[in-house]
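Hi everyone, thanks for coming. I'd like to walk you through a structure, so please bring it up on your screens and follow along.

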Amino acid sequence: MTQVAEDIEREAGAEAVVKKFMFVNRKAPHGTIYALEGLEVVLISAAFDQDVSLAFLDDGVYQLLKGQETKAIGVKNFSPTYRALEGYDVEKLYVERESLEARGISEQQLLVAVQVVSAGEMAELMEQQDVIISS
Amino acid sequence: MNIGLLINEGPYSHQAADSAWQFAKAALARGHRIQRVFFYNDGVHNATKLTEPPQDDRHIVNRWSRLAEEHGTDLVVCVAAGLRRGLVEENLAPGFRISGLGQLVEAGIESDRLVVFGD
């Protein structure tokens, strides 16, 4: 193969790479920075045309609660950003049913449309991923 | 295998930086390639040259610098996470560079495995 043909093939190959990225959120929105900085990675990843999904489990389900008010603790309320994800073509949000139930949260209390899945289904989804970034 | 590493915790306060370095050494010894090490969250503190641990303790920062020197490993510190914590170009240890989060996503795309160290 000529050098030019090799270059073209490599470039075409590079463009074709679409991996399944899952961002796993396990922590409450405030108290630590993980949720906020995790969300920043999600927004950047949207620019790379990858197959992006988000998973919320354990205290991570609190990140999606409606009506968050952070004034009294003096930190930024970044929860509206979850509503903006759709505009970035990030539409696959999975929430673990067991985590919601353990905390007495219903799907109606969440600020975005999500897919509620069982722990078993969540495990299957994770199994399908190429890259899992957790915090 | 081409391996990317993500480190989300600060040195000394958390095992993550030690485990990641040990993992990198072991992987290299087995003939794998470390495509990139990306430092995020408090992990950015792994990159400051101001670090001075007691003499009888391991020097986590210098250990990374040595890895970069010996193996050409790409050590990338997130610019936004770094700025938040006062980590800027002037206090960067040798072998590290500052760049954007895109480098983390790229590591996910280009490596065969991305291994995350942190809670």
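Let me start with a definition: a salt bridge here is a side-chain nitrogen of Lys or Arg within 4 Å of a carboxyl oxygen of Asp or Glu. With that in hand, the structure holds 14 salt bridges over all chains. Please keep in mind that this is a predicted model.

Let's look at a few of those pairs. In chain A, A:Asp58 and A:Arg26 meet through their side chains, with N to O at 3.2 Å. A:Asp58 sits in the loop between strand E2 (51–56) and H3, while A:Arg26 sits in the loop between E1 and helix H2 (34–45), so this salt bridge ties together parts of chain A that are 32 residues apart in sequence. Both ends are partly exposed: A:Asp58 has a relative accessible area of 31%, and A:Arg26 comes in at 34%.

Another one in chain A joins A:Lys92 to A:Asp51, and here the closest N and O atoms are 2.4 Å apart. This pair also links distant parts of the chain, with A:Lys92 in strand E3 and A:Asp51 in strand E2, 41 residues apart. A:Lys92 is partly exposed at 29% relative accessible area, and A:Asp51 is partly exposed at 22%.

Now over to the interface. How many salt bridges are there between chain A and chain B? The count is three. Two of the contacts involve B:Arg84: its salt bridge with A:Glu37 has the closest N and O atoms 2.6 Å apart, and its salt bridge with A:Glu40 has them 2.9 Å apart. The pair with A:Glu37 crosses from helix H3 (residues 79–84) of chain B to helix H2 of chain A. Its two ends sit in contrasting surroundings, since B:Arg84 counts as partly exposed at 42% relative accessibility, whereas A:Glu37 counts as buried at 0%. If you zoom out a little, salt bridges with shared partners join A:Glu37, A:Glu40, B:Asp42, B:Arg84 and B:Arg85 into one network.

What about the interface as a whole? Chain A and chain B bury about 1600 Å² between them, and 60% of that is on carbon and sulfur atoms. On the chain A side, A:Tyr34, A:Glu37 and A:Phe48 lose the most area to chain B, together 30% of what that side buries. As for contacts, 20 residues from chain A and 19 residues from chain B take part.

Here is a residue you may want to click on: A:Lys19, in the loop between helix H1 (3–16) and strand E1 (20–25) of chain A. Which side chain of opposite charge is nearest to A:Lys19? That is B:Asp112, 5.9 Å away; A:Lys19 is buried yet has no salt bridge. The cut-off is 4 Å, so at 5.9 Å B:Asp112 does not qualify. Setting aside its neighbours within four places in sequence, the contacts of A:Lys19 include A:Asp51 and A:Asp130, and from chain B also B:Gly108, B:Ile109 and B:Ser111.

Two of those chain B residues take us to helix H4 (residues 102–110) of chain B. This helix is mostly covered, with seven of its nine residues buried. Both B:Gly108 and B:Ile109 are among the buried ones.

On to the aromatics. The structure holds seven aromatic pairs over all chains. Take B:Phe39 and B:Trp64: the ring centres are 5.3 Å apart and the planes are at 85°, so the pair is edge-to-face. B:Phe39 belongs to strand E2 (residues 33–39) and B:Trp64 to helix H2 (residues 60–71) of chain B, so the two rings tie together parts 25 residues apart in sequence. Both residues are buried. In chain A, ring pairs link A:Phe56, A:Phe78 and A:Tyr82 into a cluster.

There are charges over rings, too. The charged end of A:Lys27 sits over the ring of A:Tyr34, 4.4 Å from its centre. In chain B, B:Arg63 lies over the face of B:Trp21, at 4.1 Å from the ring centre.

Last stop: backbone angles. A:Asp89 has phi near 65°, a positive value in a residue other than glycine. You'll find A:Asp89 in the loop between helix H3 (80–84) and strand E3 (92–96) of chain A, and it is exposed, at 64% relative accessible area. B:Tyr12 also has a positive phi, near 70°. Its place is the loop between strand E1 (2–7) and helix H1 (16–29) of chain B, and B:Tyr12 is partly exposed, at 31%.

That's my tour. Thanks for listening!

Methods. Residues are numbered from 1 along each chain as its sequence is written. Chains are lettered from A and ligands numbered from 1 in the order in which they are written. This is a predicted model: local features need pLDDT of at least 70, side-chain atom pairs count only at pLDDT 80 or more; totals for chains, interfaces and linings use all residues. Side-chain values use heavy atoms; hydrogens and water are left out. Rings of Phe, Tyr and Trp (its six-membered ring) pair if their centres lie within 6.5 Å; planes under 30 degrees apart count as stacked, over 60 as edge-to-face and the rest as tilted. Helices (H or I, at least four residues) and strands (E, at least two) are DSSP runs, numbered from the N terminus. Buried means under 20% relative accessible area, exposed over 50%, partly exposed in between (1.4 Å probe, protein chains only). A charge sits over a ring if NZ of Lys or CZ of Arg is within 6 Å of the ring centre and within 35 degrees of the ring normal. Lys and Arg count as positive and Asp and Glu as negative; His and the chain ends are not counted. Contact means heavy atoms within 4.5 Å. Buried area is the accessible area (1.4 Å probe) that two parts lose on being put together, summed over both.
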